[in-house]
Amino acid sequence: MVDLESEVPPLPPRYRFRDLLLGDQGWQNDDRVQVEFYMNENTFKERLKLFFIKNQRSSLRIRLFNFSLKVLSCLLYIIRVLLDPPPQGNKWYHIFWVTRCLPLWGLQVSVALISLFETVLLGYLSYKGNIWEQILRIPFILEIINAVPFIISIFWPSLRNLFIPVFLNCWLAKHALENMINDLHRAIQRTQSAMFNQVLILISTLLCLIFTCICGIQHLERAGKKLTLFDSLYFCIVTFSTVGFGDVTPETALSKLFVVIMICVALVVLPIQFEQLAFLWMERQKSGGNYSRHRAQTEKHVVLCVSSLKIDLLMDFLNEFYAHPRLQDYYVVILCPTEIDVQVRRVLQIPMWSQRVIYLQGSALKDQDLLRAKMDDAEACFILSSRCEVDRTSSDHQTILRAWAVKDFAPNCPLYVQILKPENKFHIKFADHVVCEEEFKYAMLALNCICPATSTLITLLVHTSRGQEGQQSPEQWQKMYGRCSGNEVYHIIMEESTFFAEYEGKSFTYASFHAHKKFGVCLIGVRREDNKNILLNPGPRYIMNATDTCFYINITKEENSAFKNQDQLRRNNASKSFYHGPSRLPVHSIIASMGTVAIDLQDTSCRSASGPNLALPPEGSKETRRPSIAPVLEVADTSSIQTCDLLSDQSEDETTPDEDISTNLEYAKGYPPYSPYIGSSPTFCHLLHEKIPVCCLRLDKSCQHNYYEDAKAYGFKNKLIIVAAETAGNGLYNFIVPLRAYYRPKKELNPIVLLLDNPLDDLLRCGVTFAANMVVVDKESTMSAEEDYMADAKTIVNVQTLFRLFSSLSIITELTHPANMRFMQFRAKDCYSLALSKLEKKERERGSNLAFMFRLPFAAGRVFSISMLDTLLYQSFVKDYMISITRLLLGLDTTPGSGFLCSMKITEDDLWIRTYARLYQKLCSSTGDIPIGIYRTESQKLRTSESQISISVEDWEDTKDTKEQSHHRNNHRNSTSSDQSDHPLLRRKSMQWARRLSRKVPKHSGKTAEKINQQRLNLYRRSERQELAELVKNRMKHLGLTTVGYDEMNDRQGTLSYILINPSPDTRLEVNDVVYLIRPDPLAYLPNTAPSRKSSICNTTGADTREETQL
């Protein structure tokens, strides 16, 4: 080993560490040769070329100096003209000779020498082998004409007063300016300068033409009228502007020829320049130009990135974004790769938007386009997906790349991203706010099945409105519905709030109830200062802290509210606080921004001895006193809290022991073992103990495990929920999970049937006749329609078919465009629908963002458009909590300690509570639930429909006069609906035959005439509805299905439904009202809840037991 190490030669001196520190002292003894490498040839010419041409900064200085010399030579020429004495004598002499003083001559000679030297040097450095190419260039020729005579005059003094056309240096100055601007753009790395360059060239060309014409006319007229420079300027302006007064005209032939030449040059040069400028201007209008850096640093702007910009999307964004007062000074920069649409261009020309919106054509994947939009200075970037694409996955891929590009270019810019499919969400987890369309769509469809019109509730909450819609309508429901639609979710710090500051240290339910009692606001959630999670209705055990952020529903936020204390009113009410009667009702009044709110609460001293119970007290108590409502405690009392023990399941199944055992063996609570995509929120829900084989999932085919071939044979206890879809995508996971959440009682779990094809036979087999809801989402195949609004065509026609076949079936669907909601349950001559259409147009003219809200299917929660949730993403810019609250309401996210959305129905036994305010107190004092709204169903009046019109044939037989009969028939036809004009041809022929037959038979023929009359009457009264019913029944009989369920289906077209969000406290409750509740999380009470305890919600005094809240 030692020998081997001794044979290794030592490192050369240049590679030893000592030499690296002390330097190479012994390298001279080395045989190696040091070689130096140069990027350019190390010659004098190359070094000059590097300085004068290749180096951007030094070249820019040289060109700036050259430009200054040319401008100086033009100024010296003007000075020479002004100092030149008036010409006298031979007129041709004054054309060739001028008077030039010695100092001026010296300056002009110096400028000429420097200019000529620079021109020769640059020509030498740019020489590439062809000397004639350098000599015959126009700038070189002009330089020789202007410089060489001055140099000759040095050696020949008699030529010092020779006229030299120095004013031609203006063209050399123009050439130097163009080169200087090019070098400037190269030096500062600016590439988007074509428009600026063209404008500069046009202006400089025009100035050079005018200056050349002025100087040429002035000099040539020295032999004629002897014009001054000002006279020449006046003549040129009048001539070039085609005005031509004629008071100043050239006299000499040379000056006239010069004017002709200049006009010809102008006619050739200027149109070319204007054409290029116009072309660049049109191209810039298409691309949108730039958003200047100065504006980006002094003004606030947001960037909207879209694949294709449609007028509906643009108006939704602008109306929602600028609905907030503090965003009025913001600018919107739209970055879109396609050319601006004609309709969009027309809208952006409106003064209200032209000063705020800037359209840039470009791609978010190019740093140059992001730099044009000043993305690094933007307050936020909104990236929207194109939902009209046939391939929605491809659309998501484009969105993901845009988000990555923006994050790479501007890492500090907040990102608001819209994605279509949930499996692509994990690619953009870095975004500040993400809205997944299919997640929200399927969650709202699911909740619509258990909490009616949840989609309408969420849509109204995330839209900005002042609550002025429908106030001009004569119908009361439209006024109430429109006024309550103005409620939104707001936030405020508790210690800064007038609404909630006094409830510090109190329970959440106490604060929510008393804030609603005094101010009419609905406190729905809180967030701790040290926690980012929002808790919806954390329950009565939650104690309010001064630093908590409170989230509440109100017409307007507290900062925009005005409070007035009516001391005199209170003093007047003090003596009348209790009536001398059995009711003993105190009255509490306050005036807030939403108006006068009077709330009547029962005396809290009258407490029920049996404790809090929402059921009606026994009959014996009514004889002595009215039923009372317990007060809401400031701090929660464990004995007074009543919640459903949903985990023990003992309060749910109380019919027979056998049912309890079978139910407990069938279901278990836990997290789904598999997730269909990355990023799905784990949800605690009902699960089966054992996995069902795949063959058993086919409802219409039997297998070795069961022999059922239709839904009726399974004997489901609860009604079905049928989902009609083209494909079973991952989004269905978000439909199933809310319906199987752990807080849903077992007895309320509805079987879910997925129908991938929906012909009539399959609909009947899957149990459509006894289904609770039918959800239709099959629209992906129509996304390729040439017209965007036709994307909903298939869905609309399918829903209309279901509506005509099964008129009482609850059909829930989602459309792409809100404008297409008017085609749901369409009737051509429905007078009520026509009146609603007129109301919608009027609301749109008033500038409402919710003009479609009065359409009956939308108000009833039967249809919604996912594009309405685009406003959720826009609102997140101001309210960063809106996405989190919406996800909690829809059950997409579950936060420990946060409540969930559910509903309860008002029955006749519950009307003793009377008002919404008393219901609020009852719920808060007993179960801790927070009501947020009412879903109300009313009988529909003044509506003309096919089911309400009955026509008697005898009316046509009563008159003998033909004219009167014809007149009566016309009036009768005008009063009927569309279905009367839709009678089949066979039926019309049969009626005509029956009438002719009746005329031939004498009226006194007795039984024969009566029999024919009855046949005619039955034939005529046979409506289209009856024909469809016979069709469905025949198909059911053919399939071997019973028609009992179909016979029980009643037409519910005579009702209308709508939502009242946070209604007035004195709103009267009505039968069949559905109250939206935010119920506390049952898991939050698990440690303090005994397993054997039964909630009074789930177990009433009677034998009848309900899993929903009982009043």
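In the predicted model, R936 and E1070 form a salt bridge in which the closest N and O atoms are 3.6 Å apart. R936 belongs to strand β21 (residues 930-939), whereas E1070 is located in the loop between β22 (1055-1061) and β23 (1074-1079), so the contact ties together parts that are 134 residues apart in sequence. The two partners differ in their exposure to the surroundings: R936 has a relative accessible area of 3% and is therefore buried, the limit for this class being under 20%. E1070, at 32% relative accessibility, is partly exposed.

This pair is part of a wider set of charge contacts, for which the count comes to 18 salt bridges. A further example joins K794 to E726, with the closest N and O atoms 2.7 Å apart. Here the lysine lies in helix α29 (residues 793-805) and the glutamate in the loop between β15 (720-724) and α27 (733-739), so that parts 68 residues apart in sequence are tied together. K794 is partly exposed, its relative accessible area being 32%, and E726 also counts as partly exposed, at 23%. In another case, the side chains of K518 and E502 meet in a salt bridge with an N to O distance of 2.8 Å. K518 is a residue of helix α22 and E502 is found in the loop between β7 and α22; the pair therefore ties together parts that are 16 residues apart in sequence. K518 is partly exposed at 29% relative accessibility, and E502 is partly exposed with a relative accessible area of 42%. Salt bridges also link R392, K421, E437 and E438 in a network.

Charged residues also form patches on the surface. E495, E496, E504, E529, D530 and E559 make up a negative patch. Within this group, E496 is placed in the loop between β7 (488-493) and α22 (508-519). With a relative accessible area of 59%, E496 is exposed, because this class begins at values over 50%. A positive surface patch is formed by R822, K838, K841 and K842. Of these residues, K841 is situated in helix α30 (residues 831-845).

Parallel pairing is found around strand β4 (residues 380-383). Strand β1 (residues 301-305) pairs with β4 in the parallel sense over 4 bridges, and I383 of β4 is the bridge partner of C305. β4 is also paired with strand β5 (residues 415-419), again in the parallel sense, over 3 bridges. In this second pairing, I383 stands opposite V417 of β5. I383 thus takes part in bridges to C305 and to V417.

Both faces of β4 are covered, with A380 and F382 buried on one side and C381 and I383 buried on the other. In β5, L415, V417 and I419 point one way and Y416 and Q418 the other way, and all are buried. Since 5 of the 5 residues of β5 are buried, this strand is largely enclosed by the rest of the structure.

Antiparallel pairing characterises an open sheet of 4 strands, arranged in the order β7-β10-β8-β9. The edge positions are held by β7 and β9 (535-536), each with a single partner strand, so one side of each is left without a neighbour in the sheet. Between strand β8 (residues 522-527) and strand β10 (residues 549-554), the antiparallel pairing extends over 5 bridges. In this arrangement V526 stands opposite C550 in β10.

Burial is also seen among the helices. Helix α20 (residues 454-462) is mostly covered, with 9 of its 9 residues buried. The buried residues of α20 are T454, S455, T456, L457, I458, T459, L460, L461 and V462. Helix α33 (residues 882-890) is likewise mostly covered, 8 of its 9 residues being buried. In α33 these are M882, I883, I885, T886, R887, L888, L889 and L890. Just after α33, G891 adopts a positive phi of about 80 degrees.

Definitions and conventions
Residues numbered from 1 in each chain as written. Predicted model: local features only at pLDDT ≥ 70, side-chain atom pairs only at ≥ 80, totals over all residues. Heavy atoms only, no water. Patch = residues over 30% accessible without salt bridge, like charges linked within 9 Å, V, L, I, M, F, W, Y side chains within 5 Å. Areas by Shrake-Rupley, 256 points an atom, 1.4 Å probe, with all protein chains shown as cover. Salt bridge = Lys/Arg side-chain N within 4 Å of Asp/Glu carboxyl O. Lys, Arg positive; Asp, Glu negative; His and termini not counted. Charge placed at Lys NZ, Arg CZ, Asp CG, Glu CD. Helix = DSSP H or I, 4+ residues; strand = E, 2+ residues; numbered from the N terminus. Buried < 20%, exposed > 50% of the residue type's maximum accessible area, 1.4 Å probe, protein only. Pairing = 2+ DSSP bridges.
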